[in-house]
Amino acid sequence: MELALGISLLVMAVFLIVAVLLQTGKDKSLSGSIGGGAETFFSKSKSGTWDKVLSRATLVVSVLFVILVIVMYIAVDSLYKVG
């Protein structure tokens, strides 16, 4: 059980790192408009949907990660109290 939880935590941690690195910054659109960056309407909406999906996936996985860490802490703590 501990091995499965540990592997799950490791996979989630790697996913969170990759997902955060793949997301575009929030200030990108502002700096592009000031700097004169030309983007079409279609490219904005396409990247926006990808960023929304990635942002929601990051939120869901991070909440699951925190819950799993708490469960793992309780499991390990109860294991050491018994033994």
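A nonpolar patch on the surface of this predicted model is formed by Leu59, Val60, Val63, Leu64, Ile67 and Val71, with about 510 Å² of accessible area together. Patches of this kind join nonpolar side chains (Val, Leu, Ile, Met, Phe, Trp, Tyr) within 5 Å, from residues with over 30% relative accessible area and no salt bridge; the areas come from the Shrake-Rupley method with a 1.4 Å probe. Among the patch residues, Leu59 lies in helix α3 and is exposed at a relative accessible area of 54% (exposed is over 50%, buried under 20%, partly exposed in between).

Helix α3 (residues 41-82) also holds Asp77 and Lys81, 4 residues apart and so separated by about one helical turn. Their side chains meet in a salt bridge (3.7 Å, N to O), defined as a side-chain nitrogen of Lys or Arg within 4 Å of a carboxyl oxygen of Asp or Glu. By this rule the count comes to 1 salt bridge. Asp77 is partly exposed at 31%, whereas Lys81 is exposed at 67%.

Turning to helix α1 (residues 2-22), its 21 residues reach 30 Å from first C-alpha to last, close to the 30 Å expected at 1.5 Å a residue (1.5 Å times one less than the number of residues). Helices are DSSP runs (H or I) of at least four residues, numbered from the N terminus. Leu5, Leu9, Met12, Leu16 and Ala19 are the buried residues of α1; seen down the axis, they fall within an arc of 100°, so they line one face of the helix. The arc is taken from the directions from the helix axis to the C-beta atoms. Leu3, Leu10, Val11, Ile17 and Leu21 are exposed on the other side of α1.

Residues are numbered from 1 along each chain as its sequence is written, and side-chain values use heavy atoms, without hydrogens and water. Local features need pLDDT of at least 70 and side-chain atom pairs count only at pLDDT 80 or more, while totals for chains, interfaces and linings use all residues.

Notes:
Helices (H or I, at least four residues) and strands (E, at least two) are DSSP runs, numbered from the N terminus. Buried means under 20% relative accessible area, exposed over 50%, partly exposed in between (1.4 Å probe, protein chains only). Patches are made of residues with over 30% relative accessible area and no salt bridge: like charges are joined within 9 Å, nonpolar side chains (Val, Leu, Ile, Met, Phe, Trp, Tyr) within 5 Å.
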